Structure formats: C-alpha cells, structure tokens
Amino acid sequence: MIKLSIIIPVYNTEKYLHRCIESVLRQKKEWLELIIVDDGSNDVCADMCDEYGIEDDNIKVIHKTNGGLSSARNTGLEVASGEFIAFLDSDDLFDTCFIDDMEKYFNEVWDILDFKYCYEKKPGKYSPKGTKAVKFYTNSQYIDLYNRNKFGDQICFRVYNKKMFEHIKFPIGRYYEDIATFYKIMLKARSIMMVDYEYYIYNISNEASITKRVKRKYMEDMIKSVDEMYYGLSNCGKINIKFLEYKKINQYIYIWFKLIKCEENVNDLKKYILSYLKNKKIQLKYLSQYNVKKYIAFKLLNAIGVFT
C-alpha cells in the first residue's frame, strides 16, 4: 500500500533535477511513490525523467504540454495513489532523514504535517536544524498562527492527507498559486502536527526562479491571490480579522517594494496597493511578527510625501 506520494513538477531544471530526485530515492521505501511530471521541458529533463521511470514501478513519469506549475501539480494529484501527498520543486531537496522520519509520523493522526525549511544559498551549502519536537494544533489555533505570520503559504513545506485536496485545485496559469491554494486546505484541516525540523532544502541560488524576477504578470497574480486569501478567510467565521488585516498589510507592502523594481509600467498596480494601505497600520506591540524593516521604510516614505 502506498502511504506517501511525492509530486515533482519539472520544467527546464536539468542542472538540479538529478540531485532533487536522488534526495528522495536514497530514502527509498516500498510505501513511497514518486510522481515526476515533465511540464513540456525543452532541455534534457524529459530524457532524465524517463531514465528514472524505467528503474522502479513506484516511479511514475508523466509528460505533458507546458501548462505551468499549477497544471503540473494538478496532473500529479490526479494519478497519486498515496494516502498522503508531498510536493518537491525540481530545483530543491528533501533532507536525508525526511522519509525515514515520516514513517513514525504516520502513526499519528493529522491532516497537515507542517515542518520548516533551510536555505541553500550556494550549491551544497546548507545545514538543516531543529529538535524534531512535535506539537499538535486545532484548526482555529493553526489559522491564528498563520495570521500572526508564524509561517507562510508555501505548499512544499508540508505533507497533506490526500483528502485535503478533494474539490481543491491549483489555479491554472497563475503565479503565486500557493497563496491562493493553501488557505483553502488550511480551512479543511482538523488536526495539524508541527515538527521542529528543517526537512525542506530551499535552493535560492537558482537565478531562473520566479522569486528572482519581477514582472507585471507576477505581481498581478500575487495581488489576486492575496485578495482571494483575505476574502476567503474573512468569510469563514472563525478568524481574528485584526490579525488577518495585519497579514494583508504586510503582504501588500512586500508587493509594493517589488513593484518599484519592475521595469514594466505598473503605476496602476502601485495605485491599487497604495489605495488600500492609506491610513492602514499595524499596532506597535504586534509589529515584530511581521516585516518590520519594510513596514517602517514604507511608513517613512509615506510620511515625507513620496507617494503623493
């Protein structure tokens, strides 16, 4: 019986793909399924994927026309056999003890297993830390932590009961799809287990990553996703609206600083962001939970009339 399906969407990451897949296969278990979705790569990734598919019956390789990250993840979900689902981006890694530790976590009852991540700033330069202490949270407790900015929306930093994805799909053709998807899963989860360990190795040296670039389309999609998250959570009836608004303020300020780096015409997006942020503030006693430096910089620029 397959317990865990790990979905790896692949698009033109030949430089990183081998080590990504090997970070899973070196922890091979009979209950582990690896689903590699080649999203129309035009480098050698397709051939690399096929080589792995020949090796093991528990490795599924799917080739599709390019449709973006959301499309590739949805395709993986459609064929996943596991009771639980994890996602791994093809330029990232799982730590060497991730799969082994999952075996004991399956003995607990949870809808979301939440863990930490560490940065890989240079190839091979990372050092996962943590005590592996475990804490359990109810739905309302977990949502409160989310709004207080204790963790983000990143889909890859968790394992999910597959039932969480019933009637939930990643939005096709949109960037920053995690923001628009994670809150929906979070609302469904009854029990959440948080583990104090950095199981996910997040490669920030990849210059092709979306986080390294600023385009109008990216920012439009991020604004749309943040707005969807805000309205979705504000209407759920079990949330502290004050902290939800603080979270939106924090995200909008992040977007604004991204927009000023954009070489395309984004004046309308800046105006939209500023119209919301006008007269909005985070109480001083809660400010440390958010991006203090960007918040203060934004308020100072506003105070001296830069935005007028």
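Let us begin with L93, a residue of strand β5, which covers residues 93-94. Please keep in mind throughout that the model before us is predicted.

Is L93 buried or exposed? Its relative accessibility is 4%, and a residue under 20% is classed as buried, so L93 is buried. What surrounds this side of the chain? Leaving aside residues up to four places away in sequence, L93 is in contact with R19, C20, S23, L88, Y126, Y199, Y200 and I201. I would draw your attention to one of these partners, Y200. Along the chain, L93 and Y200 are 107 residues apart, yet a separation of 6.2 Å is found between their C-alpha atoms.

I turn now to a second buried residue, N147. This residue belongs to helix α5, made up of residues 139-147. Its relative accessibility is 1%, and because the limit for a buried residue is under 20%, N147 falls in that class. Which residues does N147 touch, if we do not count those up to four places away in sequence? They are L233, I239, N240, F243, L244, K247 and Y290.

Let us next consider the backbone. As a general matter, most residues other than glycine have a negative phi. Against that background, I should like to present two residues.

The first topic is N12. Where is N12 placed? It sits in the loop that runs between β1 (4-10) and α1 (14-25). The phi of N12 is near 55°, which is positive although the residue is not glycine. With a relative accessibility of 29%, N12 is partly exposed.

The other residue is H167, located in the loop between β8 (158-161) and α6 (177-188). Here too phi is positive in a residue other than glycine, with a value near 70°. Is H167 buried or exposed? Its relative accessibility is 84%, and the class of exposed residues starts over 50%, so H167 is exposed.

Finally, we come to charge at the surface. Which residues form the negative surface patch that I wish to show you? They are D47, D50, E51 and E55. Let us take E51 as our example. E51 lies in helix α2, which spans residues 45-55. Its relative accessible area is 53%, and since exposed means over 50%, E51 counts as exposed.

To review, we have looked at L93 and N147, which are buried at 4% and 1% relative accessibility. We have also looked at N12 and H167, each with a positive phi, and at E51 as one member of a negative patch. Thank you for your attention.

Definitions and conventions:
Residues numbered from 1 in each chain as written. Predicted model: local features only at pLDDT ≥ 70, side-chain atom pairs only at ≥ 80, totals over all residues. Heavy atoms only, no water. Patch = residues over 30% accessible without salt bridge, like charges linked within 9 Å, V, L, I, M, F, W, Y side chains within 5 Å. Areas by Shrake-Rupley, 256 points an atom, 1.4 Å probe, with all protein chains shown as cover. Salt bridge = Lys/Arg side-chain N within 4 Å of Asp/Glu carboxyl O. Lys, Arg positive; Asp, Glu negative; His and termini not counted. Charge placed at Lys NZ, Arg CZ, Asp CG, Glu CD. Helix = DSSP H or I, 4+ residues; strand = E, 2+ residues; numbered from the N terminus. Buried < 20%, exposed > 50% of the residue type's maximum accessible area, 1.4 Å probe, protein only. Contact = heavy atoms within 4.5 Å.
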